[in-house]
Amino acid sequence: MSAAPRCDRTEAWAALQGHYEAHGRSFDLREAFDRDANRFAGFGIEAPEVFADLSKNLIDVATRRFLLDLAAECQLEARRDAMLRGDAVNITEGRAVLHTALRAPKGQGPFSAEVHEVLDRMLAYAETVRDTASSGIRHIVNIGIGGSDLGPQMVLPALDAFAHRGLQFHFVSNVDGHDITPVLRGLDPADTLFVIASKTFTTQETLANAQVAKAWFLANGGTDTHKHFVATTTNVKAAAEFGISTTFGFWDWVGGRYSLWSAIGLPIALAIGADNFRALLAGAHAMDQHFAQAPLGKNLPAMLGLLDVWYRNFHGFTSRSVAPYHQGLKRLPAYLQQLEMESNGKRVDLDGEALPFATSPVVWGEPGTNGQHAYFQMLHQGTDVIPVEFILVKRPTHDLRDLHTKLLANGLAQSQALMLGKSTAQALSEKAPTASASLDAQTVARHRTFPGNRPSTTLMLDQLTPRSLGALIALYEHRVFTSGALWGINSFDQWGVELGKALCSDLLPRLASGDVAGLDASTAGLMKRLLA
Ligand code: F6P
């Protein structure tokens, strides 16, 4: 079905395997820096709003050349162009994948008229709500899950410096009533706006929470549901049936996890306003153009995606840790988990054939410096090698210079420590005042040894603004596209979420009736205990 060869069937793949055996496995970053005085410059990439230092990765010029050969043999550029022009690259659902069209300037890109009609209308609406003196709105509650939640939830703290001070935002996603209950507790229907966000408007969690919100609204003296409920969805009909008349639509060619640029971004627009929302789109568009036009060796999303393949398939690394040294990016790891793992957590190729190689790594992380005091121990001295991605922001949006300098020093020190490590001899030569006096010095030194040679990438932004954040998110989207294209999988479906949904529909009535007939013994036993 697919014209391009799968990565493992190319000559470059075999060459990479040979290169890994000969040089990759034993590659030492410290020696690489000693050998090449220009390594930092040679492995730095300037992309719109983002500078990336790839020099602390386990690659050399030959690795890069083989990876670029792989990209060429797998026709990465042709696949990219097919996505950007709107071919139905989501083959299992027969859909185009055009989140890039959502951020193309008016008159450019596919579906421009439809995209800009909704965008203009949504931004105009956002401005009326932001005029709090006349709208009377003080609280916005976004009810949505997955792609209809994680994007706005990630962007809002990141752009807090640009946010409307008179509006407070709340997010409800989980069908667990412990999520919505504390949110509703502090609210008054008169100054609350509910945004019901669901691409399909069929998602159990979202519809259940929306019903709870509507019932609460009416029971607490709310009168004008048309003013206080708005929907963002591709299923305008279902939203109307729910009783919502103000709707902002989008299209089936926008994947849920790629949808913050669409009407799903309404909470973002409400927080930061029309001009800033347009700047977010413009930043993403700049990265789209870089991805579309830059030669692959200097194309940041492409190179990061190729590096992911190198680490996953040749080094066998199973996860990647993201460490944003900016508290505003605290939800970025969660956002990236959906973006990357729902996109590339696949086990068959485009033809449905089982893959003989690994795909999506586990993506996880916490903002620095918090992570340093939790799991960084394992990154430095654990038995697994986990590439780390540091995100440093040069200029803060606050005036606490001293804190920011400390934050940056910490970020730099961590990537340095991962790479340099500490030999046992070095540890022996140092004092260890907190070590037990009953242990001999050699044993203590072995505990205090760091292997080093642990890879990391540093992404650097000048400042976290709507424009730079847009570019950063688009960078991740295209990087995920790149590794997915190389692996020859469909990065744009998510059949893996369906089975659990179907089984849940079967179990729901059983929880009411107590009927366990035909269930496996474990599920039946657990259900009986729940109902006892
Ligand atoms: O369960 C997976 C999923 O379909 C995601 O892909 C999506 O982002 C989420 O559910 C929410 O879907 P919807 O926006 O249609 O409610």
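User: If a pocket is an open set of points on a 1 Å grid over the protein atoms alone, where a 1.4 Å probe fits, with protein on both sides within 12 Å along at least five of seven lines, where does the ligand sit?

Analyst: The model is predicted, so local features need pLDDT of at least 70 and side-chain atom pairs pLDDT 80 or more, whereas totals for chains, interfaces and linings use all residues. Residues count from 1 along each chain as written, and side-chain values use heavy atoms, without hydrogens or water. With sitting taken as more than half of a molecule's atoms lying within 2 Å of the grid points, the ligand is in the largest pocket.

User: Which residues come nearest to the ligand?

Analyst: The ligand has 14 residues around it, each with a heavy atom within 4 Å. Those that come nearest are Ser148, Ser198, Lys199, Thr200 and Thr203.

User: How much of the ligand's accessible area does the protein cover?

Analyst: Three polar contacts (N or O atoms within 3.5 Å) involve ligand oxygen atoms: the side chain of Ser148 places a polar atom 2.6 Å away, a polar backbone atom of Lys199 lies at 2.7 Å, and a side-chain N or O atom of Thr203 lies at 2.5 Å. Of the 390 Å² that the ligand has on its own (Shrake-Rupley, 1.4 Å probe), the covered share is 87%.

User: In what order do the strands of the open sheet run?

Analyst: Strands here are DSSP runs of E with at least two residues, paired if at least two bridges join them. The open sheet holds 5 strands in parallel pairing, and its edge strands, β4 (168-172) and β7 (246-249), each pair on one side only. Neighbouring strands, with axes fitted to C-alpha atoms, are turned by 20 degrees against each other on average, direction ignored. The order is β4-β3-β5-β6-β7.

User: Which residue in β5 is the bridge partner of Val141?

Analyst: Strand β3 (residues 139-143) runs parallel to strand β5 (residues 192-197), with 5 bridges joining them. In β5, the partner of Val141 is Phe194.

User: In the hairpin of β1 and β2, which residue takes a positive phi?

Analyst: Strands β1 (residues 44-47) and β2 (residues 50-53) pair in the antiparallel sense over 4 bridges, and Ala47 has Val50 as its bridge partner in β2. The hairpin has 2 residues between the strands, and the one with a positive phi, near 70 degrees, is Glu49.

User: Which residue in β11 stands opposite Asp53?

Analyst: Strand β2 also pairs with β11 (residues 456-463), in the antiparallel sense and over 3 bridges. Opposite Asp53 in β11 stands Thr458.

Terms used. Axes fitted to C-alpha atoms, helices over the stretch in contact; angles between N-to-C directions. Polar contact = N/O pair within 3.5 Å; in protein donor to acceptor, adjacent residues only side chain to side chain. 1 Å grid on protein atoms, 1.4 Å probe; cavity = no way out; pocket = protein on both sides within 12 Å on 5 of 7 lines; lining within 4 Å.
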